[in-house]
Amino acid sequence: MAGHSHFSPANVEEYFEFTAEGRKRIIYAFVAGVVALLVGIYLLSRGEGHEVVQAAAEHGAEHGEHLSGGAVSHHGDYDWTNRIWANVWLNGVYFTGIAVIGMFFVSIQYLAKAGWSSVLKRVPEAFPRFLMITGPILILTFILKGDVIFHWMHHGITDKGSEHYDKIIAGKSGYLNFGFFLGRMVVFFVLWLLLWSWMRKKSIDEDLNGGTTNFYDMVKIATGFIVVMGISSSMSAWDWVMSIDTHWFSTMFGWYMFSSWHVTGLATITLTVLLLKDKGYMQYVNFNHLHDLGKFMFAFSIFWTYVWFEQFLLIYYANFPEETIYFLERWEGHDKLYKATEILNVVFNFFFPFLVMMTRDAKRTAIFLKICCCFILVGHYLDFYQMIMPGVLGPHGGFGLVEFGMVTIFASAFIYIVSSELTKASLVAKNHPFLEEALHHDI
Amino acid sequence: MSHVVSPIRETLVSGGKSYHDVTNDICKQVEGAPTKEWKIAFGVSLVVFAYGAYCLFWTWWQGIGVWGLNKTVGWAWDITNFVWWVGIGHAGTLISAVLLLFRQKWRTSINRAAEAMTIFAVLCAASFILAHMGRPWLFHWALPLPNTFGSLWVNFNSPLVWDVFAISTYLSVSLVFWYLGLVPDLATIRDRAQTKASKFWYGLFSLGWNGSAKTWARYEYVSLILAGISTPLVLSVHTIVSMDFATSVIPGWHTTIFPPYFVAGAIFSGFAMVQSLLLITRVVFKLEDYITIEHIEMMNIIITVTGSIVGIAYLTEFFIAWYSGVEYESYCFVNRATGPYWWAYWMMMSCNVISPQLFWFKKLRTSILVSFILSVIVNIGMWFERFVIIVSSLHRDYIPSSWAMFSPTMYDIGDYIFSFGLFFTLFFLFAKFLPVINMFEVKSVMKGVSTNYPFKKKQGGEKSKENVH
């Protein structure tokens, strides 16, 4: 059989070199993001576009009932700095998703005993390191500026005597309260990171010592993580995103946000592999593996659409005002501020990947995959934008330097952290028991 | 597909079988005279079928007034049974299509029986649609056919009409997929046939299969395309079934998680039914070398995963019912768990969510007896799930003066028994006259997974086996 090998596993060890040049570029991007953000903040503080905002705000006030209970519905409390915090939250949640899906992907591969992916598992395995950045950011933002993001944190909203008293929100205070929320958040991040670092340790140990003990341990860790993720993915969706529109609820929401995270993570994995290949690394990852990644992106884009559409259809069909408000706000609320993003959301995340990735050839062609990854990444950023901004900012939302600066900062930080994590282990898990299968993968 | 197989993979065909052994072992049932066990089992099914057919006849003769429905609970066993059977009908196509796309080799020993079971289960489900139509001879009115009654069309806004489309499409595609998969095996039987009659019949249905490379190439292409078509179909069917409920404004029914949660539940019950049937088949037909402990364990793992997904959905619904602050919704769920139908609710919870967790223990999920008992329990639980959703949501509606309970009559029960008779009669006919295991697919994966190919077991193979346990 050895004759069929493209190379013998003995010399597959390959290390990613995070060059000074590469570091410099990422740091430049980071600095550019910071500059854009600062200019954006300056412009915001000067009230750039103030008239438009004012008009929209007045318009919104007329149709005050066209809101699903987001923080912004608290009239008079809006401050221009809210937009900065909303962006921190948006990017924090989005990149947390990409990072944690890295672990999810690896876990699924172990649990399902998938062979083909063993050749590229080091890439998703590096992602969860970024949770060490987004975790503290989200936790601190919640502690310091939670009332900007969450309507239910407004002062006096659950006090019967207060003028801000809101009966519906008060009814949820058993779940939505500072301590419990913070506790859940910390527990999720700690569990994710602990399981990941445990898995990572075993994975690197396997490189050094071989054998199959580590493999079976990793299957167990993966199983544990899947159980944790099964619960935490839904709860984090309710907490971090659904509770922004505090009055509104949907049983689908947990799986909806998870499906958005999932396909974003898959696109990030694919794009990272392709970029590493462009740099001359991972030549043993061939078009068969890319084809499989492409199939995943295709399938889970459809899955996202399925979940998005079912949620929409059932709410639309039953036509309960307290539920339809969510879509009305995004479709025609705030002077149709969010209508364009709502349309782009479906175009980027469904029509584009569905039509482009339909054929076998497209999934085996690097440039098609790359374009599709970019569309999915942008599309799901917009998806999270749609989930978060209307509730937090309402008529004050928009796309400006603050948005572009913030996402550049987060993205460059993600690339930096993941790149340095990639240097810490060989790019191929050379003692993975399924490596030989993956190297001969041919579909 | 590559034939490099990691030494730590479990073998899927044991007993050192050669290709010829596979043909012999599986054709044996088809070619030999019916065994005594088969005759008894088939006879019992026929008796059950006959009794059920009488009940169904009486339902049609008298009208559905013979059921226990009342003005509050207008839907009960009929729709429960329908959803239950449709759910069971998910596993076959899932195994053959989705697992084919995922290149799961272990599917090859079980897909044939699972697909057959799917088709029979969908037929059973369809029988409840016909049963509760009242005038089944007008069933074609459910289709949007041009007619002479003016512009009289079906209500395209109704999920019940979507159901008609979804299920009839699903049945057709599953049937084609199953039949196509049978063709090469039918040709094998034709080529071995001793009697004129079997040569004729198997020859007729094998469509002149000649086994040339070109035929095989076309065949592979078609199966992949059909798998691609079936995958969205299998997901769409229970999605649309769930919409029969979720598009309404009944508390406990209108909830957005229904579509994926119903699909997960359907896969759950479908796998459990496949497990029950295969555990019997493997013993009766002595197929232990093809349906190994590894297969059983894999199915148990899927049962646990889907059962847990269903569990998360139950808890999500319960939580959101409270979180929403909607009084009706909260009441509905509290009533399910503590009201007069509490026993049905806890039956569902313990069978569907708690019992599959036993499979976390390797010892239990590799035990044949435990697997069998649990697979039956799961399907009992899934029946109660539908009963809980349907009856407990309806029986206490918006007007307390209309609150009522449902009690089944012998015709509710008899029509349900009919579906069992139908199902098992068809299944036993299938098991006798068609190969229950897909011979050519098993052969196609044997190189990697049979004990007959010891060169696959490199050094370390034994060592790794120890680690498994």
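The following paragraphs describe cavities, a pocket, a nonpolar surface patch, salt bridges and backbone angles in a predicted model.

The structure is a predicted model in which local features need pLDDT of at least 70 and side-chain atom pairs count only at pLDDT 80 or more, whereas totals for chains, interfaces and linings use all residues. Residues are numbered from 1 along each chain as its sequence is written, chains are lettered from A and ligands numbered from 1 in the order in which they are written, and side-chain values use heavy atoms, with hydrogens and water left out.

Internal space was examined on a 1 Å grid over the protein atoms alone, where a cavity is a set of points at which a 1.4 Å probe fits but cannot get out, a pocket is an open set with protein on both sides within 12 Å along at least five of seven lines, and lining residues have an atom within 4 Å of a point. Grid points are joined across faces, edges and corners, and a volume is the space filled by probe spheres set on the points. A search of the whole structure gives 6 cavities of 30 Å³ or more, and the largest cavity holds about 60 Å³ of space. Its lining includes Tyr256(A), Trp308(A), Arg330(A), Glu342(A) and Asp383(A), and at least two lining residues come from each of α10 (287-318), α11 (321-331), α13 (339-356) and α15 (366-392) of chain A; helices (H or I, at least four residues) and strands (E, at least two) are DSSP runs, numbered from the N terminus. By class, 5 nonpolar, 3 polar and 3 charged residues line the largest cavity, where Ala, Val, Leu, Ile, Met, Phe, Trp, Tyr, Cys and Pro count as nonpolar, Asp, Glu, Lys and Arg as charged, and the others, Gly among them, as polar.

The second largest pocket contains about 990 Å³ of space. Of its 37 lining residues, Leu271(A), Leu275(A), Ala411(A), Phe414(A) and Ile415(A) are the closest to its centre, and the elements giving two or more residues to this lining are α1, α3 (82-111), α9 (253-278), α15 and α16 of chain A. The most is given by α16(A), with 11 residues, and the lining as a whole has 25 nonpolar, 7 polar and 5 charged residues.

On the surface, Ile27(A), Phe30(A), Val31(A), Val35(A), Val39(A), Tyr42(A), Leu43(A) and Leu401(A) make a nonpolar patch of about 640 Å². Patches are made of residues with over 30% relative accessible area and no salt bridge, like charges being joined within 9 Å and nonpolar side chains (Val, Leu, Ile, Met, Phe, Trp, Tyr) within 5 Å; the areas come from the Shrake-Rupley method with a 1.4 Å probe, and for residues only the protein chains shown count as cover. Helix α1 (residues 20-45) of chain A contributes the largest share of the patch, 7 residues. Ile27(A), placed in this helix, counts as partly exposed because its relative accessibility is 42%, given that buried means under 20% relative accessible area, exposed over 50%, and partly exposed in between.

Over all chains, 25 salt bridges are found, each being a side-chain nitrogen of Lys or Arg within 4 Å of a carboxyl oxygen of Asp or Glu. Arg25(A) and Glu21(A) form one such pair, with the closest N and O atoms 3.5 Å apart, and both lie in helix α1 of chain A, 4 residues apart, about one turn of the helix. Arg25(A) is exposed at 54% relative accessible area, while Glu21(A) is partly exposed at 41%. In the salt bridge between Asp278(A) and Lys370(A), the closest N and O atoms are 2.4 Å apart; Asp278(A) belongs to helix α9 and Lys370(A) to helix α15 of chain A, so the pair ties together parts that are 92 residues apart in sequence. In chain B, Arg192(B) and Glu31(B) meet in a salt bridge at 2.9 Å, N to O. This pair links distant parts of the chain, 161 residues apart, with Arg192(B) in helix α6 (residues 159-192) and Glu31(B) in helix α1 (residues 19-31) of chain B.

Two loop residues have a positive phi although they are not glycine. Met282(A), with phi near 50 degrees, lies between α9 and α10 of chain A and is buried at 0% relative accessibility. Leu207(B), with phi near 55 degrees, is found between α7 (196-205) and α8 (213-246) of chain B and is exposed at 58%.

Conventions:
Buried < 20%, exposed > 50% of the residue type's maximum accessible area, 1.4 Å probe, protein only.
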